[in-house]
Amino acid sequence: MRTIRPLLAAVVAALAFASALLFSAAPASAHDVAESTTPANGASVTVVPASVSITFNNRPLAIGSGVTVTAGGENWADGPVEIIDNQAVQKLREGAPAGEYTVVWRVVSSDSHPIEGTFTFTAAGGATSASGSAVASPSASAPSASVPTAGTGAPGTGTSEPAADASQPFPWSIVGLAVVAIGLVIFLAVTARRKLAASNDADGENPAE
């Protein structure tokens with residue numbers, strides 16, 4: 001039995017190590033992700049919206065977050081990004097023209113891990129100015145294209161769809177270590193069982209006097 005006890009202790013230790021690896025793999029792959037954007041990526045909208053937003057699966061942190069909304073080589077973002085529940089909302093300045101817009105966002109997720117991405121949309125008409133009129137543009141007559149939806153956007157700003165460029169790599173190295181640890185547990189368990197069986201057979205052949 002003295003030979004079996006170290007083996008059993010090794011099995012318990014390996015099992016504990018494997019469990020720790022498996023449980024740590026979940027948080028490592030659980031960085032926040034962008035679930036949708038408004039307007040949707042690639043959408044065509046009637047006029048430039050008053051704001052754009054990115055919806056996440058958790059509430060991001062305000063510190064270190066920023067969004068740029070660029071068209072014609074100019075950033076039309078107005079003020080800092082606002083974190084409202086699980087959305088990052090960026091207002092746009094008045095007078096934004098019609099055309100194609102590129103939104104580049106960067107936020108700090110709830111686990112303090114920075115994530116970033118980009119999406120585009122096209123506005124057929126310019127943003128409404130303070131006087132209530134829309135900013136004219138040669139592309140103002142461009143028709144709106146339908147896009148796949150995964151939610152409802154603000155009126156006149158298109159629809160939401162899964163955000164682009166927001167994926168996180170899966171920690172395969174941790175999974176590999178966990179598999180190796182589990183294999184070690186199985187090997188040690190089989191070895192311990194054989195040792196125990198051999199010890200029992202030896203005790204049966206040579207009974208104590």
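**Group meeting talk: sheets, salt bridges and a surface patch**

Hi everyone, let's start with the open sheet: five strands build it, in the order E2-E9-E8-E4-E5, and the pairing is mixed. Strand E2, residues 43-47, and strand E5 are the edges, each pairing on one side only. Before I go on, please keep in mind that this is a predicted model.

How confident is the predictor overall? The average pLDDT for the chain is 73, and 55% of the residues score at least 70. There are stretches to treat with care. Over residues 25-29 the pLDDT stays under 50, and the model gives that stretch six contacts beyond four places in sequence. Residues 164-169 also have a pLDDT below 50, and here the model shows 14 contacts beyond near neighbours in sequence. As a reminder for anyone planning to use coordinates, where pLDDT is low they should not be read in detail.

Back to the edge of that sheet. Strand E4, residues 61-71, pairs with E5 in the antiparallel sense, over two bridges. Within this pairing, Ala-71 stands opposite Glu-74 in E5.

Hold on to Glu-74, as we meet this residue again among the salt bridges. How many salt bridges are there? The count comes to three. One of them joins Arg-93 to Glu-74, with the closest N and O atoms 2.9 Å apart. Arg-93 sits in the loop between E7 and strand E8 (99-108), while Glu-74 belongs to strand E5 (residues 74-75), so this pair ties together parts that are 19 residues apart in sequence. Are these partners buried or exposed? Arg-93 counts as partly exposed, at 28% relative accessibility, and Glu-74 is partly exposed too, with a relative accessible area of 35%.

Another salt bridge brings together the side chains of Glu-82 and Lys-91, at 3.8 Å from N to O. For the computational chemists among us, that value can be set against the cut-off, which is 4 Å between the side-chain nitrogen and the carboxyl oxygen. Glu-82 is partly exposed at 31% relative accessibility, and Lys-91 is partly exposed at 44%.

Then there is Arg-106 with Glu-116, where the closest N and O atoms are 3.2 Å apart. Arg-106 is in strand E8 and Glu-116 is in strand E9 (residues 114-125), so the salt bridge ties together parts that are 10 residues apart in sequence. Arg-106 has 39% relative accessibility, which counts as partly exposed, and Glu-116 is partly exposed at 49%.

Now let's move to another set of strands: E1, E3 and E7. E1 and strand E3 (residues 51-56) pair in the antiparallel sense over four bridges. If you want to find the register on screen, Thr-37 has Ile-54 of E3 as its bridge partner, and Ala-34 has Phe-56 of E3. E3 also pairs with strand E7, residues 87-91, again in the antiparallel sense, this time over five bridges. There, Val-52 has Gln-90 in E7 as its bridge partner.

How enclosed are these strands? Strand E1, residues 34-38, has four of its five residues buried, so the rest of the structure largely encloses it. For E3, five of the six residues are buried, so E3 is likewise largely enclosed by the rest of the structure.

Thr-55 gives us a closer look inside E3. At 14% relative accessibility, Thr-55 counts as buried, because the cut-off for buried is under 20%. Which residues does Thr-55 touch, leaving aside neighbours within four places in sequence? The contacts are Val-33, Ala-34, Glu-35, Ser-36, Asn-86 and Gln-87. Two names there are familiar from the pairing: Ala-34 is the residue whose bridge partner is Phe-56, and Gln-87 falls at the start of E7, residues 87-91.

Last stop, the surface. Which residues make the nonpolar patch? Ile-182, Ile-186 and Val-190 do, and the patch covers about 240 Å². Ile-182 lies in helix H2, residues 172-205, and is partly exposed with a relative accessible area of 36%.

That's my tour: an open five-stranded sheet, three salt bridges, the antiparallel pairings of E3 with E1 and with E7, and a nonpolar surface patch. Thanks for listening!

Notes: Residues numbered from 1 in each chain as written. Predicted model: local features only at pLDDT ≥ 70, side-chain atom pairs only at ≥ 80, totals over all residues. Heavy atoms only, no water. Buried < 20%, exposed > 50% of the residue type's maximum accessible area, 1.4 Å probe, protein only. Pairing = 2+ DSSP bridges. Patch = residues over 30% accessible without salt bridge, like charges linked within 9 Å, V, L, I, M, F, W, Y side chains within 5 Å. Areas by Shrake-Rupley, 256 points an atom, 1.4 Å probe, with all protein chains shown as cover. pLDDT = per-residue confidence, 0-100. Contact = heavy atoms within 4.5 Å.
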